[in-house]
Amino acid sequence: MDDMVVVYGRSGCGACVATRRRLTARGVDYTYRDVGRDPEAAAAATQLAETLGSRQLPLVTAPGKAWSGLNLEGIDSLGPPRVGDRTAPA
């Protein structure tokens, strides 16, 4: 599916965990690809990192967007918060 959000990360990466938690809290469906365990994911992440000019994890692709690192504004732009979401503005 072309309109999917994909998170490229690595086990033990705090920013990767925070990104996945925030996406889940926002109700955004995503696919997680572990670059440390999946050679195809590592190759795709390397190509994306070169395009973005950054090798910081996580690397995230979404329809019309891509970024590296923990990007709360980018995540929040992908979907509304769920009811009771503590990340929603007061």
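Buried means under 20% relative accessible area, exposed means over 50%, and partly exposed lies in between, with a 1.4 Å probe and protein chains only. With that cut-off, 33% of the 90 residues of the chain count as buried.

This is a predicted model, in which local features need pLDDT of at least 70 and side-chain atom pairs count only at pLDDT 80 or more, while totals for chains, interfaces and linings use all residues. Residues are numbered from 1 along each chain as its sequence is written, and side-chain values use heavy atoms, with hydrogens and water left out.

**Exercise 1. The layout of the chain**

Find how many helices and strands the chain has, and in what order the elements run.

Step 1. Set the rule: helices (H or I, at least four residues) and strands (E, at least two) are DSSP runs, numbered from the N terminus.

Step 2. Count them: the chain holds 3 helices and 4 strands.

Step 3. Read from the N terminus on, and the order is β-α-β-α-β-β-α.

**Exercise 2. The sheet**

Work out the strand order of the sheet and which strands are at its edges.

Step 1. Two strands pair if DSSP finds at least two bridges between them.

Step 2. Pairing gives an open sheet of 4 strands in the order S2-S1-S3-S4, and the pairing is mixed. Strand S2 (30-34) and strand S4 (65-68) are the edge strands, each pairing on one side only.

Step 3. For angles, axes are lines fitted to C-alpha atoms, for helices over the stretch in contact, and angles run from 0 to 180 degrees between N-to-C directions. Neighbouring strands of this sheet are turned by 15° against each other on average, direction ignored.

Step 4. Now look at S3 and S4. Strand S3 (residues 59-62) pairs with S4 in the antiparallel sense over 4 bridges. Val-60 stands opposite Trp-67 in S4, and Ala-62 has Lys-65 in S4 as its bridge partner.

Step 5. Close the hairpin: 2 residues lie between S3 and S4, and Gly-64 in the turn has a positive phi of about 75°.

Step 6. Check the peptide bonds as well. Leu-57 and Pro-58 are joined by a cis peptide bond with omega of about -5°, and Pro-58 is found in the loop between H2 and S3.

**Exercise 3. Helices on the sheet**

Determine which strands helices H1 and H2 lie across, and at what angles they run.

Step 1. Contact means heavy atoms within 4.5 Å.

Step 2. Helix H1 (residues 14-25) lies across strand S1 (5-9), S2 and S3, and runs at about 160° to S1.

Step 3. Helix H2 (residues 39-52) lies across S1, S2, S3 and S4, running at about 85° to S3.

**Exercise 4. The two sides of H1**

Explain why the buried residues of H1 are on the same side of the helix.

Step 1. List the buried residues in H1: Cys-16, Thr-19, Arg-22 and Leu-23.

Step 2. These residues cover an arc of only 130° around the axis (taken from the directions from the helix axis to the C-beta atoms), which puts them on the same side of H1.

Step 3. Recall the helix geometry: an α-helix has 3.6 residues a turn, so residues three or four places apart point the same way.

Step 4. Turn to the other side of H1, where Gly-14 and Arg-21 are exposed.

Step 5. Ask what covers the buried residues of H1: the cover includes S1, S2, S3 and H3.

Step 6. Just after the helix, H1 is followed by Gly-27, with a positive phi near 75°.

**Exercise 5. Salt bridges**

Find how many salt bridges the whole structure has, and which residues are joined into one network.

Step 1. Apply the cut-off: a side-chain nitrogen of Lys or Arg within 4 Å of a carboxyl oxygen of Asp or Glu. The search finds 3 salt bridges.

Step 2. Arg-22 forms one with Asp-76, and the closest N and O atoms are 2.7 Å apart. Arg-22 lies in helix H1 and Asp-76 in helix H3 (residues 72-76), so the pair ties together parts that are 54 residues apart in sequence.

Step 3. Arg-26 and Asp-76 also meet in a salt bridge (3.5 Å, N to O). Arg-26 is in the loop between H1 and S2, 50 residues from Asp-76.

Step 4. Compare burial: Arg-22 is buried at 15% and Arg-26 is buried at 8%, whereas Asp-76 is partly exposed at 24%.

Step 5. Arg-33 and Asp-38 form a salt bridge (3.6 Å, N to O). Arg-33 is partly exposed at 22%, and Asp-38 is partly exposed at 27%.

Step 6. Shared partners join Arg-22, Arg-26 and Asp-76 into one network.
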